Every structure is written in C-alpha cells, then in structure tokens.
Amino acid sequence: MIELLCEGHDAAYELGNVRNLFLPYVKEALVLETVYDGDLAKAYLKKEESVIQEASYPVNLVGNEIKDKKSLKEALKKAVYDTLSAYTNRQMPWGILTGIRPTKLVHEALKSGMSDEAIDAYLEDAYKVSPSKRVLMREVAKQELAILDQNKPEEVSIYIGIPFCPTRCVYCSFTAYSLEQKQKEVEPYLEALFKEISFVAKAKQDVPIRSLYIGGGTPTSLNEDQLERLLEHVEASFDLSSIDEYTIEAGRPDTITSEKLRIMKAHGVGRISINPQSMNQKTLDAIGRKHTVEEIKEVFHIARALGHDNINMDMILGLPGEDVEDVVYTLKELKKLKPENITVHTMAIKRASKLREALREDEDSIHLTEGDKIQQMLSVCESEMADMGLMPYYMYRQKNMLGNFENVGYAKPGTECIYNIEIMEEAESIIALGAGAITKIVYQNGEKIDRIPNVKSLKDYIERIDEMIERKREGFEKYQ
Ligand code: SF4
C-alpha cells in the first residue's frame with residue numbers, strides 16, 4: 001500500500017499508474033509525496049514520517065514557465081519511478097511508459113531521421129525502457145512503417161463484428177454473447193448487419209478498401225449457411241478486387257468445420273485465425289473451452305489441405321494454472337503446425353471478465369502468474385519465434401496486464417496482418433460494422449481521429465439499426 005500525495009501539479013492519474021507498477025513488491029504502508037516547486041519535480045517515499053528514498057528531476061522551462069505539461073508530468077513520473085525502483089530494487093521492463101501504443105514514439109523518431117543508437121538512448125533517458133523492450137520497439141516500429149507507408153490517402157479498412165461465441169471464456173471482456181443463450185438473435189442480427197453493410201458499401205462505393213477483417217466474438221460460430229450468406233453479401237456489396245488482405249478470425253476450433261473452411265476459401269478469404277490460446281488440455285478445460293487439443297490440430301490440418309496458406313494462432317501467457325513449462329509445451333506443439341503468424345497475448349484481467357468477477361469475490365481462489373514468470377514466458381516465446389522464422393510486427397499494451405507487459409504479433413516476413421497494424425496505429429480510417437463496433441475516421445494527415453460508435457447491446461443494435469446507419473451517414477458527410 002502506497003498513499004500518493006500531490007503538491008503543485010495535477011499529475012495524480014499518471015503518477016498513480018507508475019506507482020501501481022511497483023505495488024506487488026511493497027509489503028508495508030508507505031506514503032509517496034510528489035512535489036513540483038518551480039524548477040524541480042521531486043518524489044519522497046516516507047515511512048512513518050521519515051524519508052526512506054527520494055529522487056528529483058529538473059523540469060524543462062522556457063523563461064520562468066514550464067515548457068509544456070507533458071514535460072512536467074514526465075519529470076514527475078521519472079522521479080516516482082527512481083524512488084520506487086530504488087526502494088524495491090526492481091526495474092520495470094517498460095520504464096515509465098504506460099500508454100498502449102509504445103511504438104508510436106519510435107515511428108516519430110524514425111521519421112525524423114534518428115539512428116538506432118540515438119533512438120535507443122532517447123528511450124532509455126526519457127522513458128527508462130529496458131534494453132530488450134527497446135530492441136522490440138525498434139523492430140516492430142520498422143515492420144509497421146513498411147506496411148503503413150503503403151497506405152494511400154483515400155483508402156479505408158473495414159471491420160465486421162460477429163458478437164457470438166459458443167460459450168464465454170473466463171477472461172473475455174469483448175462484445176460476445178453465448179450462443180447457448182442467444183441462438184434466436186443470430187438471424188435478426190445478420191439481417192441488421194446486412195443492412196449496415198449495404199449502406200456502407202453504397203456510401204463508400206468509390207473508396208478503395210485496403211483490408212477487410214471479420215472478427216468477434218467468433219465469426220465461425222455462425223452455422224455454415226449463415227456464414228456463406230454473410231460472405232456472399234460482403235462479396236456482392238464491396239469491391240474486393242484490389243484488396244490487400246481479407247481476414248476471418250475463425251477463432252475457437254470447436255466452431256470450425258471443413259465446410260466453413262471451404263466456404264471461406266471459396267469467397268476469397270486469404271487469412272484466418274485458429275486460436276488455441278494454450279495447447280495444454282487442463283488449461284483449455286479451466287478457461288471454459290469446450291474442445292480438445294487434438295481438435296485444434298485436426299482443424300489446422302484441414303485448413304491447410306483446403307489451401308489456407310496464411311494462418312494465425314493466438315496464445316495467451318499467464319492463463320490460470322500455467323507455468324513456464326506449459327508455455328514451452330504450447331510452443332513446441334505450434335512449431336509442429338508451422339503457422340504463418342502467432343500472436344502472443346499476456347493475460348489482462350479486464351473489467352468485464354468473469355475472472356475479474358471471481359477475483360473480486362475470492363482473491364485467494366485464483367492463482368495469478370507473477371510478473372517475473374511472465375517475463376520468463378515472454379523470453380521463451382521470443383527465442384522460439386525467432387527459431388520458427390517469425391518476426392515481431394505489431395504490438396500493443398493494455399491496462400491491467402499481468403506484470404505490465406505487452407501483446408506481440410509475430411509473422412513470417414510477407415504475411416504480416418495489415419489490419420492489425422492499421423487498427424493499432426490509427427493511421428487510416430476503419431469503418432466498423434456490427435454491435436459494439438467503433439468506426440474511426442482519421443483526418444488531417446492522421447493528426448485527428450473521430451469515432452462513430454455503434455451500440456454495444458445486441459438487442460439495441462438490432463432494434464436501432466436505422467439509427468446506427470444514420471450515425472454513419474452523418475459522420476461520413478462530415479469528412480467528405
Ligand atoms: S472466444 Fe474470444 S470473444 Fe469469444 S468468449 Fe472467448 S475470448 Fe471472448
């Protein structure tokens with residue numbers, strides 16, 4: 001427990017985030033006083049009124065004024081970081097960086113012509129990022145820029161959400177409804193979605209599409225007939241002739257049949273996801289997956305036999321009960337399958353998940369993986385990915401991630417997922433359709449973003465589809 005006190009500044013939120021990184025390593029009641037007094041940002045860690053650690057950083061001034069609020073906040077964050085780092089004797093992998101898109105900093109540095117060495121020094125001095133994360137940031141940023149540099153000004157990407165899953169996973173916080181309860185809503189949902197697709201296709205008929213992504217939920221929780229009708233409608237509505245990428249996040253193996261794989265292939269889907277999360281049966285059972293490891297492999301082999309040559313597989317580090325050896329086993333099994341992409345997620349305890357709920361009720365009932373162990377798992381992943389010829393190509397961070405780590409997408413060169421980079425880097429507009437989907441209109445050369453949200457609830461989306469279309473119409477008109 002560390003009580004945070006602020007004097008002479010309003011950076012309580014940002015400093016609270018840095019303090020929270022160290023909380024798991026503090027076992028006594030302490031007070032952290034943070035002060036801005038005109039030219040120094042200071043932090044004092046106190047135990048029973050005595051200062052036990054302190055640090056200070058100069059604040060950038062222009063004359064007698066602070067250069068900008070950001071530089072004051074960064075000086076305060078560094079003072080807090082140094083104080084707590086000295087007290088706990090720990091370095092945090094991401095230093096004071098708590099944002100979700102760390103590579104944006106590197107994009108700017110690369111565009112301004114900075115060398116790798118200069119970028120490295122900057123990330124260390126300004127943000128205290130560890131050496132391994134600095135290398136990761138640079139590698140990912142270069143891969144991302146190679147894809148983003150091919151964006152054409154008028155292009156958009158399209159996202160279509162299918163918010164159904166066979167059952168709900170314990171860690172899920174997405175807009176996903178269990179089919180056990182919502183089977184009857186699927187047809188009305190598709191009807192509303194088709195209407196929205198038709199509207200967007202007409203409104204944007206002259207706009208080229210760079211990538212199209214059908215995600216969820218689990219799109220393959222639709223039955224074969226529904227999936228085929230969806231893909232036919234997409235094909236009939238949008239001009240897909242010059243699209244760079246068409247992905248379906250098939251997701252859970254228990255929803256994928258050979259017929260669905262055939263339908264996807266026949267309708268031009270070029271990239272699919274088959275997401276095991278873990279190749280350990282005990283874990284699949286524990287997280288609420290109703291399928292076996294053998295089924296994952298079987299589906300993968302069928303997909304290959306049907307010609308799917310760009311397959312992503314997701315895995316999650318820090319799943320309940322998993323240790324480093326379990327991750328090693330998952331990697332060993334994935335290696336045999338040779339997918340083109342593997343996305344490594346670090347478990348995040350999200351607000352809307354059953355896991356968060358269970359933790360609230362009985363904290364001792366669930367064993368969460370500690371930061372040090374997650375770091376070991378990440379290191380194993382890094383070296384195994386390199387061994388499989390997969391390079392890190394996109395990355396993001398979330399709030400409440402175990403150990404404050406990151407999610408990283410790895411890909412064989414040339415198979416990187418364009419949509420993942422576009423959505424993460426917000427470099428081009430993404431028109432998003434379906435319940436809970438949020439359209440992002442990027443304008444003024446990527447400087448500004450406006451959002452057009454659809455309602456989250458399935459019922460509201462179906463009943464208020466005309467209103468959702470109206471929202472889009474107004475949004476599109478604004479940026480024509
Ligand atoms: S498959 Fe994905 S979207 Fe569906 S319940 Fe599990 S985590 Fe949520």
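Are Tyr159 and Tyr419 buried or exposed? The points below address this question and the aromatic contacts of the structure, which is a predicted model.

1. Both residues are buried: this holds for Tyr159 and likewise for Tyr419.

2. The model contains 10 aromatic pairs. In one of them, the ring centres of Tyr159 and Tyr419 are 6.1 Å apart and the planes meet at 25°, so this pair is stacked. The angle falls in the stacked class because that class takes planes under 30 degrees apart.

3. Tyr159 belongs to strand β7 (residues 156-162), whereas Tyr419 belongs to helix α15 (residues 418-425); the pair therefore ties together parts that are 260 residues apart in sequence. Tyr213 joins these two tyrosines, Tyr159 and Tyr419, in one aromatic cluster.

4. A further aromatic pair, formed by Phe164 and Tyr189, is edge-to-face, with 5.5 Å from centre to centre and 90° between the planes. Here too, distant parts of the chain are linked: Phe164 is in strand β8 (residues 164-165) and Tyr189 is in helix α7 (residues 186-203), 25 residues apart.

5. Phe164 has a relative accessible area of 1% and is therefore buried. Tyr189, with a relative accessible area of 0%, is also buried. Both assignments rest on the cut-off for a buried residue, which is under 20% relative accessible area.

6. Charged side chains also lie over aromatic rings. Arg90 is placed over the face of Tyr25, 3.9 Å from the ring centre. Lys204 has its charged end over the ring of Phe476, at 4.4 Å from the centre of that ring.

Note on methods: Residues numbered from 1 in each chain as written. Predicted model: local features only at pLDDT ≥ 70, side-chain atom pairs only at ≥ 80, totals over all residues. Heavy atoms only, no water. Phe/Tyr/Trp six-rings, centres within 6.5 Å; stacked < 30°, edge-to-face > 60°. Helix = DSSP H or I, 4+ residues; strand = E, 2+ residues; numbered from the N terminus. Buried < 20%, exposed > 50% of the residue type's maximum accessible area, 1.4 Å probe, protein only. Lys NZ or Arg CZ within 6 Å of the ring centre and 35° of its normal.
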